[in-house]
Amino acid sequence: MKVYTMNELLDRDLGPVGTTERDDFEKKVSDDIHAYHVGEAIRKARLSRHLTQEQLGEKVGVQRSQISRLEKGSSITFSTLIRILRALGISASLDMKGIGQFSIC
């Protein structure tokens, strides 16, 4: 039995790096990983404040099910992220290239 590396399988099924299909796949995986990390950070912040998903949802103005989806890595809009940070009492500062600095308090 031959054992293949992940890159060999991706090359075979999606094409080599630089092809549209492969690049789209790798971007999607990267985006999903980032969404997971954001969701995990939200979950840890919520738990450190001894809040349930339902309680955080009430503070944010969304249902518990949306908080659950966000914590699992579902995509999050910037406006929802801001509302969550405010509800958790987290201040943040973002430097958006070409636009300037943006603070959330």
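Start in a loop: select H50, which lies between α2 and α3, the latter covering residues 53–60. The model is predicted, so treat each stop as a feature of that model.

**Stop 1: H50**

Show the backbone at H50. Its phi is near 55°, a positive value in a residue that is not glycine. Most residues other than glycine have a negative phi. Now turn on the surface. Is H50 buried or exposed? H50 counts as exposed, because its relative accessibility is 71% and the cut-off for exposed is over 50%.

**Stop 2: the whole protein**

Zoom out and color by secondary structure. You should find five helices and two strands. Follow the chain along the sequence and the pattern reads α-α-α-α-α-β-β. The helices thus precede the strands in that pattern.

Keep the surface on for a moment. The accessible surface of the protein is about 7500 Å². Carbon and sulfur atoms hold 56% of that area. Of the 105 residues, 27% are buried. Contacts also have a range along the sequence: among those with a separation of 6 or more, 33% link residues 24 or more positions apart.

**Stop 3: α1 against α2**

Select residues 6–14 for α1 and residues 20–48 for α2. Their axes come within 9 Å and cross at roughly 130°. That angle makes α1 oblique to α2. The crossing of α1 past α2 is right-handed.

Which residues meet here? Show side chains for N7, L10, D11 and L14 on the α1 side. On the α2 side, show E21, R22, F25 and E26. Color this contact by class: three residues are nonpolar, one is polar and four are charged.

**Stop 4: α3 against α4**

Go back to H50 and move past the loop into α3, residues 53–60. Add α4, residues 64–71. The axes of α3 and α4 come within 8 Å, with a crossing angle of roughly 105°. So α3 is roughly perpendicular to α4.

Pick Q53, E54, L56 and G57 in α3. They meet R64, I67, S68 and E71 in α4. How many residues of each class make up this contact? There are two nonpolar, three polar and three charged residues.

**Last view**

Display both helix pairs together. The α1 and α2 pair is the oblique one; α3 and α4 are roughly perpendicular. Keep H50 marked in the loop between α2 and α3.

Note on methods:
Residues are numbered from 1 along each chain as its sequence is written. This is a predicted model: local features need pLDDT of at least 70, side-chain atom pairs count only at pLDDT 80 or more; totals for chains, interfaces and linings use all residues. Side-chain values use heavy atoms; hydrogens and water are left out. Axes are lines fitted to C-alpha atoms, for helices over the stretch in contact, and angles run from 0 to 180 degrees between N-to-C directions. Helices (H or I, at least four residues) and strands (E, at least two) are DSSP runs, numbered from the N terminus. Angles under 35 degrees count as roughly parallel, over 145 as roughly antiparallel, 65 to 115 as roughly perpendicular and the rest as oblique. A crossing is left-handed if the near helix is turned anticlockwise from the far one by less than a right angle, and right-handed if clockwise. Contact means heavy atoms within 4.5 Å. Ala, Val, Leu, Ile, Met, Phe, Trp, Tyr, Cys and Pro count as nonpolar, Asp, Glu, Lys and Arg as charged, and the others, Gly among them, as polar. Buried means under 20% relative accessible area, exposed over 50%, partly exposed in between (1.4 Å probe, protein chains only). Accessible areas come from the Shrake-Rupley method with a 1.4 Å probe; for residues, only the protein chains shown count as cover.
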